[in-house]
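Here are two short exercises to work through with the model open beside you. Take your time with each one before reading its solution.

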Amino acid sequence: MQIQQQVPLAPLTTFKVGGPARYFVEARSEEDVRAAVEEARSRGWPLFVLGGGSNLVISDAGWPGVVLKIALTGITRRRDGTRMMFEAAAGEDWDEFVAHTVACECAGIECLSGIPGTVGGTPVQNVGAYGQEVSETITKVRVLDTTSGEFRELENADSGFAYRTSIFNARERGRYIVSLVTFALTPGGTPRIEYADLKRHFAGRSRPPTLAETRQAVRAIRLSKAMLIVPGDDDCRSAGSFFKNPVLTHQAFERLQLRTGPIPNFPARNGMVKVAAAWLVEHAGFPKGLARGPVGISRKHALAIVNRGSATAADIISLKNEIQQRVLDTFGIELQPEPVLVGFDQQL
Ligand SMILES: Cc1cc2nc3c(=O)[nH]c(=O)nc-3n(C[C@H](O)[C@H](O)[C@H](O)COP(=O)(O)OP(=O)(O)OC[C@H]3O[C@@H](n4cnc5c(N)ncnc54)[C@H](O)[C@@H]3O)c2cc1C
């Protein structure tokens with residue numbers, strides 16, 4: 001295991017901000033993961049697990065301990081009755097994995113095409129888009145339990161999946177390191193065309209789209225919103241959506257709409273209502289394309305804070321705070337950030 005020092009983290013993130021890692025280790029096997037965790041523990045270094053860096057704001061000071069970059073690779077598949085079980089190592093690129101499952105004509109994650117990051121990052125916030133969430137197809141998550149130093153498998157039901165959350169980013173945050181994820185997909189299955197943008201894309205067609213066409217459509221829609229990483233496009237130098245869509249009770253939502261008029265919304269679990277955070281941000285006075293020096297809002301998506309090239313983490317946090325305060329003052333709603341804030345010494 002090679003331990004590097006003072007490794008710049010900004011290039012390893014999609015936001016391209018943040019200082020260095022005091023120590024940096026790349027894990028290519030489960031043994032590497034275990035060894036790095038033991039090393040960090042014995043030396044008293046705080047540990048941060050890095051996937052593809054697509055859901056992070058790293059502080060300008062960087063990380064004072066060890067950053068463990070998950071680089072485990074390998075994908076296998078086997079038939080299990082009517083399902084195809086795919087086991088993907090945590091360091092595999094997520095979108096390449098989706099492409100592989102689509103090429104194998106297996107349905108279940110095609111709408112999650114084009115999301116950056118690693119396979120191991122997806123259970124953490126129960127990644128979702130265009131009508132699918134990974135929790136619908138994940139059967140098992142293999143993890144190193146850092147409290148015991150042993151690897152174990154967590155079933156779907158043990159993972160606490162809900163909208164943009166799981167035990168990995170909530171109750172048991174920091175305890176588990178994901179090494180392998182198992183997905184149960186449907187061979188020869190049809191794509192899910194439930195999301196409005198996708199329905200519109202395929203409207204008027206005489207035959208249903210294939211999985212490959214659905215993947216292409218999702219990527220095209222994402223491209224139009226700068227939600228696909230395209231080198232050189234500063235509208236996607238971001239962490240994707242910066243705020244979660246607030247989930248309100250039906251009554252709270254009705255009260256809000258009495259004040260505002262109609263707000264785009266989606267049904268959530270248990271009769272709750274998910275309100276479009278992008279609408280709240282725009283209507284609180286932060287339009288697409290807004291510029292605040294080196295930071296701003298994407299020209300193509302009101303929910304993405306973007307780094308126009310020379311932003312610092314402090315610039316991003318300052319705009320985030322301004323948006324949160326204004327949305328609270330205007331609508332009485334507390335927006336929660338979606339990216340993980342790393343290396344900040346206080347709650348922001
Ligand atoms: C342009 C753009 C579009 C996006 N669109 C979407 C979208 O549509 N839907 C969506 O849900 N998200 C979206 N995201 C957010 C992000 O891509 C996902 O959350 C992604 O799954 C993060 O994975 P990662 O490997 O990059 O994790 P990182 O950003 O490296 O880490 C995120 C968190 O996960 C933890 N983590 C990562 N890997 C592991 C592991 N192996 N074990 C334990 N913990 C781990 C980290 O410690 C950190 O807490 C988007 C981001 C961008 C930049």
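**Exercise 1.** Find which residues come nearest to the ligand, then work out how the protein surrounds the ligand.

*Solution.*
Step 1. Of the 36 residues around the ligand (a heavy atom within 4 Å), the nearest are Val49, Gly52, Ser54, Thr118 and Arg222. This model is predicted: local features need pLDDT of at least 70, side-chain atom pairs count only at pLDDT 80 or more, and totals for chains, interfaces and linings use all residues. Numbering starts from 1 along each chain as its sequence is written, and side-chain values use heavy atoms, leaving out hydrogens and water.

Step 2. Now look for polar contacts (N or O atoms within 3.5 Å). A backbone N or O atom of Gly51 lies 2.8 Å from a ligand oxygen, and a side-chain N or O atom of Gln125 is 3.0 Å from an oxygen of the ligand. At Gly128, a polar backbone atom is 2.8 Å from a ligand nitrogen.

Step 3. Check the cover: the ligand alone exposes 970 Å² (Shrake-Rupley, 1.4 Å probe), and the protein buries 94% of that.

**Exercise 2.** In what order do the three strands of the open sheet lie?

*Solution.*
Step 1. The order is β17-β18-β19, with antiparallel pairing; strands are DSSP E runs of at least two residues, and pairing takes at least two bridges.

Step 2. β18 (residues 295-297) is joined to β19 by three bridges, and Ile297 has Ile305 in β19 as its bridge partner.

Technical notes. Helix = DSSP H or I, 4+ residues; strand = E, 2+ residues; numbered from the N terminus. Polar contact = N/O pair within 3.5 Å; in protein donor to acceptor, adjacent residues only side chain to side chain.
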